[in-house]
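Let's take a walk through this model together, starting with the overall layout and ending with some of the individual side chains. Keep the 3D view open as you read.

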Amino acid sequence: MDPSIDTITNNIQLALAPVFLLTAVATLFNAISTRLARTVDRMRAIQEKIQDGLVTDESVIRHMRIEANEAKIRGRLCTLAIFFVVLSGVFISVTVLELFFFQAGAVRSLKTDYVVWTFVLGLTSFMTSLSIVLGEVVYAYWSAGWHLHRR
């Protein structure tokens, strides 16, 4: 086999290793987006019931407004988590590009420290997003109203 082909194959393999992290980023993005969509749908349903006058009991309306506010907080948490997971994807993608260009010899003037920093920032952003999602899940459970008595 031609040594240049071996070198190119090695370069591609090295650059694509972090791409597996991008699969995790995409999966987390999908999960958060689904949670956000459900939260927004719930908030809209509550607001429609209140605005259409379908509920007349003042204590129920008060509870529904509290639930709508909790949904708004959950939506904000999901949006923040999406920001960090997208930021993670950007940093990991930049890492892949840096590795490919460094290995291919196309870029020699940049320091290899950039690869380390973009990878670390990508993982840090990913962990931040995971932490926010955990917080949103705990808040969703806490605010679910398990303590309420249903009629």
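A useful yardstick to begin with: the expected span of a helix is 1.5 Å times one less than its number of residues. Try it on H2, which has 33 residues. From its first C-alpha to its last, H2 reaches 47 Å, close to the 48 Å expected. The same yardstick works for H4, whose 30 residues should span 44 Å. The end C-alpha atoms of H4 are 43 Å apart, which agrees.

Now step back to the whole chain, and keep in mind that this is a predicted model. The average pLDDT is 85, and 85% of the residues score at least 70. Where is confidence lowest, and where is it highest? The low point is helix H1 (residues 3-16), with a mean of 70, while H4 has the highest value, 93.

The chain contains four helices and zero strands, so to speak an α-α-α-α pattern when read along the sequence. Of the 151 residues, 29% are buried. The chain exposes about 10200 Å², and carbon and sulfur atoms supply 66% of that area. Among contacts with a separation of 6 or more, 80% are between residues 24 or more positions apart.

Next, look at the interior. In soluble globular proteins, nonpolar side chains tend to be buried together. Here the largest nonpolar core has 12 residues, including Leu28, Ile32, Ile82, Phe126 and Val133. H2, H3 and H4 are the elements that give two or more residues to this core, and H3 provides the largest share, five residues. One of the core residues is Ala81. Setting aside neighbours within four places in sequence, Ala81 is in contact with Ile32, Ser129, Ile132 and Val133. There is also a second, separate core of eight residues, among them Ile46, Ile50, Ile61 and Ala68.

It helps to follow the buried positions along single helices. An α-helix has 3.6 residues a turn, so residues three or four places apart point the same way. With that in mind, trace the buried residues of H2: Val25, Leu28, Ile32, Leu36, Thr39, Met43, Ile46 and Ile50. After H2 comes Gly53, whose phi is positive, near 75°. In H4, the buried residues include Val115, Thr118, Gly122, Ser125, Phe126 and Ser129. Further buried residues of H4 include Ile132, Val133, Glu136, Tyr139 and Ala140.

Glu136 deserves a closer look, and it brings us to the charged pairs. Side chains of opposite charge can pair when their charged atoms come close. How many salt bridges does the structure hold? There are three. In one of them, Glu136 pairs with Arg35, and the closest N and O atoms are 2.6 Å apart. This pair links distant parts of the chain, with Glu136 in helix H4 (residues 113-142) and Arg35 in helix H2 (residues 19-51), 101 residues apart. Glu136 has a relative accessible area of 1% and is buried, whereas Arg35 is partly exposed at 28%.

Glu136 also meets the side chain of Arg74 in a salt bridge, at 2.7 Å from N to O. This second pair again links distant parts of the chain, Glu136 in helix H4 and Arg74 in helix H3, 62 residues apart. Both Glu136 and Arg74 are buried. Arg35, Arg74 and Glu136 are thus linked in a network of salt bridges.

The remaining bridge joins the side chains of Arg42 and Glu67, at 2.8 Å from N to O. Because Arg42 lies in helix H2 and Glu67 in helix H3, the pair ties together parts that are 25 residues apart in sequence. Arg42 is partly exposed, with a relative accessible area of 36%, and Glu67 counts as partly exposed too, at 22%.

One last stop is Glu98, in helix H3 (residues 58-104). Is Glu98 buried or exposed? Its relative accessible area is 15%, and buried means under 20%, so Glu98 counts as buried. Leaving out residues up to four places away in sequence, Glu98 touches Tyr114, Val115 and Thr118. Of these, Val115 and Thr118 are among the buried residues of H4.

Technical notes: Residues are numbered from 1 along each chain as its sequence is written. Side-chain values use heavy atoms; hydrogens and water are left out. Buried means under 20% relative accessible area, exposed over 50%, partly exposed in between (1.4 Å probe, protein chains only). Contact means heavy atoms within 4.5 Å. Accessible areas come from the Shrake-Rupley method with a 1.4 Å probe; for residues, only the protein chains shown count as cover. A salt bridge is a side-chain nitrogen of Lys or Arg within 4 Å of a carboxyl oxygen of Asp or Glu. A nonpolar core is a set of buried Ala, Val, Leu, Ile, Met, Phe, Trp, Tyr and Cys residues joined through side-chain atoms within 4.5 Å. pLDDT is the predictor's confidence in each residue, from 0 to 100.
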